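Trainee: Could we take a close look at one part of this protein together? I would like to follow a single sheet and then see what else the chain has to show.

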Amino acid sequence: MRTLLIVDDEPNIRFGLKAMIEREQPGRYDFCFASDGEEALVHMRSRTIDLVITDIRMPGMDGLALIREIRSYASAPEVLILSGYDDFQYAKEAIRYGVKEYLLKPIVREELFKALERAGSELDRQREVAGRLNALDRARDELLAAQLNYIWLHPDIGEEEVERRCADIGLSAFEPLYYVGILRCPAGERCLAAARRCLAAAVKESGDGAAASARTRAVAAEDKDGQLVFVTNDAALPDVLMAHLAAERHDRSCIGFSAGLRRIGELKRGFQQASRALKYRLLLSGAAGRVIRYDSVKEQGRDYVVPVEAIRKLANMLGTDRDSEMKALLAELLDANRLARYDIALTERISAALNEHVFDQAFNRYGEESVEIIRMYKQAGDLCRFETIRDYHRCVEDLLLRLNDYIRGLRSVYGEHQELRRAVEYIHDHYDRDLNMATVSNHVSLSYTYFSQAFKEYTGESFVVYLKKVRIGKAKELLVRTDDKIYEIAAKVGFDSVKQFNRVFRELEGVSAQEYRTVRRELRESRQHSPFPRV
């Protein structure tokens with residue numbers, strides 16, 4: 001369905017045209033209406049208009065002024081004009097602006113529908129041509145991207161091959177100086193589309209009024225990291241491009257820009273320079289971090305020492321109650337003002353050392369025990385995914401504190417298990433004494449209430465049941481192995497009376513202690529006198 005805008009200051013003409021068209025071609029058009037040129041432009045700014053039928057004489061912005069504005073649009077709609085016999089001079093001027101269809105009032109139905117058909121056919125032709133051009137543009141962009149990415153990704157490629165590949169995509173005409181820029185777009189695909197649009201506008205703005213030899217040129221391609229890499233002959237282009245991006249609210253983008261290159265064969269070195277400059281976005285704030293030129297950062301200090309011992313100290317603090325000390329040490333390690341005085345390699349090496357001595361060790365020791373540890377481990381491992389050192393600092397601090405809590409919890413659980421193992425050992429060593437939960441919990445220095453719950457979780461049974469089972473287990477050994485009296489065995493395993501012993505024994509074993517002894521001894525004797533060998 002096509003969108004048809006009818007512009008006329010007389011409502012009866014607007015709605016009469018709609019009724020006439022709908023009767024003949026129902027459902028073919030989506031209609032909108034305007035009483036003058038200004039109102040028509042409001043519609044055109046908010047939606048795509050395919051066809052416009054407009055009167056020439058209207059109060060406010062008339063039809064001719066509207067047609068002039070329409071022709072400035074990148075994809076202008078087809079226009080049909082309405083006029084009376086005495087408006088022929090206006091109609092001739094409209095035709096000079098590319099209007100092909102001219103309808104006289106009063107409107108003849110057959111002429112209207114023929115004009116609409118011709119306009120529709122022209123729209124179809126334009127769309128077909130645009131589709132072919134878009135396909136050619138895509139093919140050109142793919143070739144450009146393939147050639148440039150080949151250059152960036154192959155470290156051993158020589159200058160002669162670079163020159164040959166650049167000639168294939170038209171870069172040789174950029175002399176006498178070449179620059180490489182890399183635009184990083186945090187907002188993803190939406191930002192990249194805007195970047196391409198803004199780059200074209202910046203090239204046009206920079207080149208307006210210049211002589212042909214000094215005209216701004218640029219070619220661009222998306223690299224493997226989703227960044228827009230462009231080659232230009234204009235050192236001022238990045239600033240113009242950033243101004244356009246800021247106007248479109250993409251002011252978080254930033255550009256790394258190489259030094260001037262005298263030969264096209266040096267293009268790979270320019271890409272490396274732009275990549276290095278772009279890394280400094282981590283340390284530079286405000287306008288300084290929007291366009292970062294290689295010449296401004298190439299002399300940063302290299303007399304640094306990587307604070308490995310401080311990082312190891314940070315690793316040693318994991319699982320302790322020294323959160324404030326950890327945060328202070330990390331803030332010192334990642335202080336943006338201090339790091340900005342040195343080559344970006346210091347920041348990269350600190351990040352690598354944090355990975356090696358803190359996160360890798362924590363992952364190797366605890367990662368298999370927790371999916372959460374694996375998720376956190378991946379979060380701060382790549383410095384390049386962050387826009388500023390403050391973003392990286394926040395992420396690392398969060399990871400450290402969460403790792404700290406996790407490891408502290410593991411250590412706490414391990415410590416509790418140690419105490420509970422000691423409690424179980426104590427029960428097995430002292431089952432024959434007057435033993436109760438208060439005695440055992442005091443022995444392992446755990447509160448009575450906590451010990452009761454923790455012991456049940458650790459053994460699967462309450463303290464009383466567990467102690468009964470230990471004592472009856474020892475009694476069963478004595479019943480089979482010795483000739484001690486039942487009351488003697490009861491006393492040896494910690495029962496106050498034989499009556500209590502017999503009750504508990506029957507409760508757990510289903511038979512009395514004497515019955516158990518008799519059955520076990522008969523079974524043992526039958527095995528000793530059996531004619532069959534024991535297996």
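Trainee: Across which strands does helix α9 lie, and at about what angle does it run to β6?

Mentor: Happy to walk you through it, and please keep in mind that this is a predicted model. Helix α9, residues 267-279, lies across β6, β8, β9 and β10. Its direction runs at about 40° to that of β6.

Now look at the sheet that carries this helix. Five strands make up an open sheet, in the order β7-β8-β6-β9-β10, and the pairing is mixed. At the edges stand β7 (218-222) and β10 (291-293); each has a single partner strand, so one side of each is left without a neighbour in the sheet. On average, neighbouring strands here are turned by 20° against each other, direction ignored.

Let us zoom in on one pair. Strand β6, residues 179-184, is joined to strand β9, residues 254-257, by four bridges, and the two run antiparallel. If you want a spot to find on your screen, try Leu183, which stands opposite Ile255 in β9. Another helix packs on this sheet as well: α8, residues 237-247, touches β6, β7, β8 (228-232), β9 and β10. The direction of α8 makes about 165° with that of β10.

With that picture in mind, turn to the other sheet, towards the start of the chain. This one is also open and has five strands, ordered β2-β1-β3-β4-β5, and its pairing is parallel. Its edge strands are β2 (29-34) and β5 (101-104), each of which pairs on one side only. From one strand to the next, the twist averages 20°.

Strand β1 is a good place to pause. It covers residues 2-7 and is joined to β2 by six bridges, with the two strands running parallel. You can trace the match between them: Arg2 has Tyr29 of β2 as its bridge partner, and Leu5 has Cys32 of β2.

There is a general idea that helps here. In a regular strand, side chains alternate between the two faces of the sheet. In β1, Arg2, Leu4 and Ile6 are on one side, while Thr3, Leu5 and Val7 are on the other, and all of them are buried. Both faces of this strand are therefore covered, and with six of its six residues buried, β1 is largely enclosed by the rest of the structure.

Helices lie across this sheet too. Helix α1 (residues 11-24) lies across β1, β2, β3 (51-55) and β4 (78-83), and runs at about 170° to β2. Helix α3 (residues 63-70) lies across β1, β3 and β4, at about 155° to β3.

Just after β5 comes a small detail to look for. Lys105 and Pro106 are joined by a cis peptide bond, with omega at about -10°. As a general rule, most peptide bonds are trans. Pro106 sits in the loop between β5 and α5 (109-153).

Next, compare two ways in which helices meet. Helix α11 (residues 308-317) and helix α12 (residues 323-333) pack at an angle of about 155°, and their axes are 10 Å apart. The pair is therefore roughly antiparallel, and the crossing is left-handed. On the α11 side the contact involves Ala310, Ile311, Lys313, Leu314 and Met317, which meet Glu325, Met326, Leu329, Leu330 and Leu333 of α12. Sorted by class, these residues are eight nonpolar, no polar and two charged.

One of those α11 residues, Ile311, is also touched by His357, a residue of helix α14 (residues 344-366). Setting aside residues up to four places away in sequence, His357 touches Val308, Ile311, Arg312 and Ala315. Its relative accessibility is 10%, so it counts as buried.

Further along the chain, helix α19 (residues 463-481) packs against helix α21 (residues 498-509) at an angle of about 95°, with the axes 10 Å apart. That makes these two helices roughly perpendicular. From α19 the contact uses Lys468, Lys469, Ile472, Ala475, Lys476 and Leu479, and from α21 it uses Phe501, Val504, Phe505, Glu507, Leu508 and Glu509. The classes in this contact are seven nonpolar, no polar and five charged residues.

Notes
Residues numbered from 1 in each chain as written. Predicted model: local features only at pLDDT ≥ 70, side-chain atom pairs only at ≥ 80, totals over all residues. Heavy atoms only, no water. Axes fitted to C-alpha atoms, helices over the stretch in contact; angles between N-to-C directions. Parallel < 35°, antiparallel > 145°, perpendicular 65-115°, else oblique. Contact = heavy atoms within 4.5 Å. Nonpolar A, V, L, I, M, F, W, Y, C, P; charged D, E, K, R; others polar. Pairing = 2+ DSSP bridges. Left-handed = near helix turned anticlockwise from the far one by under 90°. Buried < 20%, exposed > 50% of the residue type's maximum accessible area, 1.4 Å probe, protein only.
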